[in-house]
Amino acid sequence: MTLTIELLDKKKHNRSAFVSGNDSLDNYIRKQASQELKKKVSTVFVLIDSPNVDIIAYYTLSSYMVDVANLNEDFAKTVPRYPLLPATLLGRLAVDQTYQGKGMGELVLIDALKRVLEATSQVASLAVVVEAIDEKAVSFYQKYGFRPFLQYPLKLYLPTKLIAENFND
Ligand SMILES: CC(C)(COP(=O)(O)OP(=O)(O)OC[C@H]1O[C@@H](n2cnc3c(N)ncnc32)[C@H](O)[C@@H]1OP(=O)(O)O)[C@@H](O)C(=O)NCCC(=O)NCCS
């Protein structure tokens, strides 16, 4: 058995058994994710314990724009004064209940950040943005350095520069 993170393949992965405890995140992977992947709205990566094809966790990535007015002042003053700046949205991230609290959330989050960092060598992205579903999810992301946007407490960002510094240590 090998933990593997790969693009969602509806012919291969078992989406129907995924239960994270959040209906919206569960319905997304069961019903919407494959269409969004096909239409290039989001990429959807799944964690499986290969050769088992049940989904242990998943996350999505897509392009995003951030409004510079909503960034904290200390970060905003380091970026060009364009009204909108390029970013990457980590739109959804969820771990199946059976596997929660076992490091799988951290594993997929780090994988997503590494993937964003790699992609920025081709297409620039100033930060990774996440939309937390509740206060608990906010605490999870804050543990990894994400900070809330001004006026949007459930929306957080992590500057790509900080990701690069952490992975290059
Ligand atoms: C939140 C979630 C992604 C965390 O994944 P997980 O696999 O349970 O978390 P991990 O075991 O990898 O924990 C990693 C670290 O985050 C901490 N953590 C986990 N869940 C947390 C939470 N809800 N609040 C604060 N910290 C949390 C853990 O204590 C651990 O820190 P430690 O190593 O210092 O103990 C997962 O519980 C989940 O999918 N929940 C339902 C959906 C959801 O809330 N998604 C959030 C994105 S919107």
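These are my notes on the model above, point by point.

1. **What we have.** Bear in mind that this is a predicted model. The protein has five helices and eight strands, and along the sequence they run β-α-β-β-α-β-β-α-β-α-β-β-α. The radius of gyration is 16 Å, while the globule rule gives 15 Å for 169 residues, so the protein is as compact as a globular protein of that length. If you want a box, the C-alpha trace spans about 50 × 35 × 35 Å along its principal axes.

2. **Burial and contact range.** Of the 169 residues in the protein, 30% are buried. As for contacts between residues at least 6 apart in sequence, 64% of them join residues at least 24 apart.

3. **The core.** The largest nonpolar core has 40 residues, and the members that touch the most others are Tyr-58, Leu-90, Val-128 and Val-129. Two or more residues come from each of helix 1 (23-38), helix 3, strand 2 (43-50), strand 3 (57-67), strand 4 (84-90), strand 5, strand 6 (127-131) and strand 8 (152-159). As general background, nonpolar side chains in soluble globular proteins tend to be buried together.

4. **Val-128 up close.** What does Val-128 touch, once residues up to four places away in sequence are set aside? The list is Ala-87, Thr-88, Leu-90, Leu-113, Val-116, Tyr-157, Leu-158, Thr-160 and Ile-163. One of these, Leu-90, is also among the core members that touch the most others.

5. **Around the ligand.** There are 21 residues around the ligand, and Gln-100, Gly-105, Glu-106, Lys-136 and Ser-139 come nearest. Strand 5 (93-95), helix 3 (104-119) and helix 4 (135-142) are the elements that give two or more residues to this shell. Helix 4 gives the most, with four residues. For anyone thinking about chemistry at the site, the shell splits into nine nonpolar, eight polar and four charged residues. Strand 5 and helix 3 are worth a second look: both give two or more residues to the ligand shell, and both do likewise for the largest nonpolar core.

6. **Ile-48 and the first two strands.** Ile-48 sits in strand 2. Is Ile-48 buried or exposed? Ile-48 has 21 other C-beta atoms within 10 Å, and the threshold for burial is 20 or more, so Ile-48 counts as buried. Beyond its neighbours within four places in sequence, Ile-48 is in contact with Thr-4, His-13, Val-53, Asp-54, Ile-55 and Ile-56. The Thr-4 contact goes with a strand pairing: Ile-48 is the bridge partner of Thr-4 in strand 2, and strand 1 pairs with strand 2 in the antiparallel sense over six bridges. Strand 1 (residues 2-7) is itself hardly covered, with zero buried residues among its six. For a distance check, Ile-48 and Val-19 lie 29 residues apart in sequence and 14 Å apart in space, C-alpha to C-alpha.

7. **Tyr-28.** This one lies in helix 1. Tyr-28 has 22 other C-beta atoms within 10 Å, so Tyr-28 is buried. Leaving out residues up to four places away in sequence, Tyr-28 touches Ala-33 and Arg-92. Tyr-28 and Arg-15 are 13 residues apart along the chain, with their C-alpha atoms separated by 9.7 Å.

8. **A cis peptide to keep an eye on.** Where is the cis peptide bond? The bond joins Ser-50 and Pro-51, with omega about 10°. Pro-51 is in the loop between strand 2 and strand 3. If your set-up script touches omega, this is the spot to look at.

9. **Positive phi outside glycine.** Two residues belong here. Lys-40 has phi near 65°, a positive value, and is not a glycine. Lys-40 lies in the loop between helix 1 and strand 2, and is exposed, with 9 other C-beta atoms within 10 Å. Gln-151, also not a glycine, has a positive phi of about 70°. Gln-151 lies in the loop between strand 7 (147-149) and strand 8. With 8 C-beta neighbours inside 10 Å, Gln-151 counts as exposed too.

Definitions and conventions. Residues are numbered from 1 along each chain as its sequence is written. This is a predicted model: local features need pLDDT of at least 70, side-chain atom pairs count only at pLDDT 80 or more; totals for chains, interfaces and linings use all residues. A residue is near a molecule or strand if its C-beta atom, placed from the backbone, lies within 6 Å of it. Ala, Val, Leu, Ile, Met, Phe, Trp, Tyr, Cys and Pro count as nonpolar, Asp, Glu, Lys and Arg as charged, and the others, Gly among them, as polar. A nonpolar core is a set of buried Ala, Val, Leu, Ile, Met, Phe, Trp, Tyr and Cys residues joined through C-beta atoms within 7 Å. A residue is buried if 20 or more other C-beta atoms lie within 10 Å of its own, exposed if 12 or fewer, and partly exposed in between; C-beta atoms are placed from the backbone. Two residues are in contact if their C-beta atoms, placed from the backbone, lie within 7 Å. The radius of gyration is taken over C-alpha atoms; the globule rule is 2.2 Å times the number of residues to the power 0.38. Two strands pair if DSSP finds at least two bridges between them.
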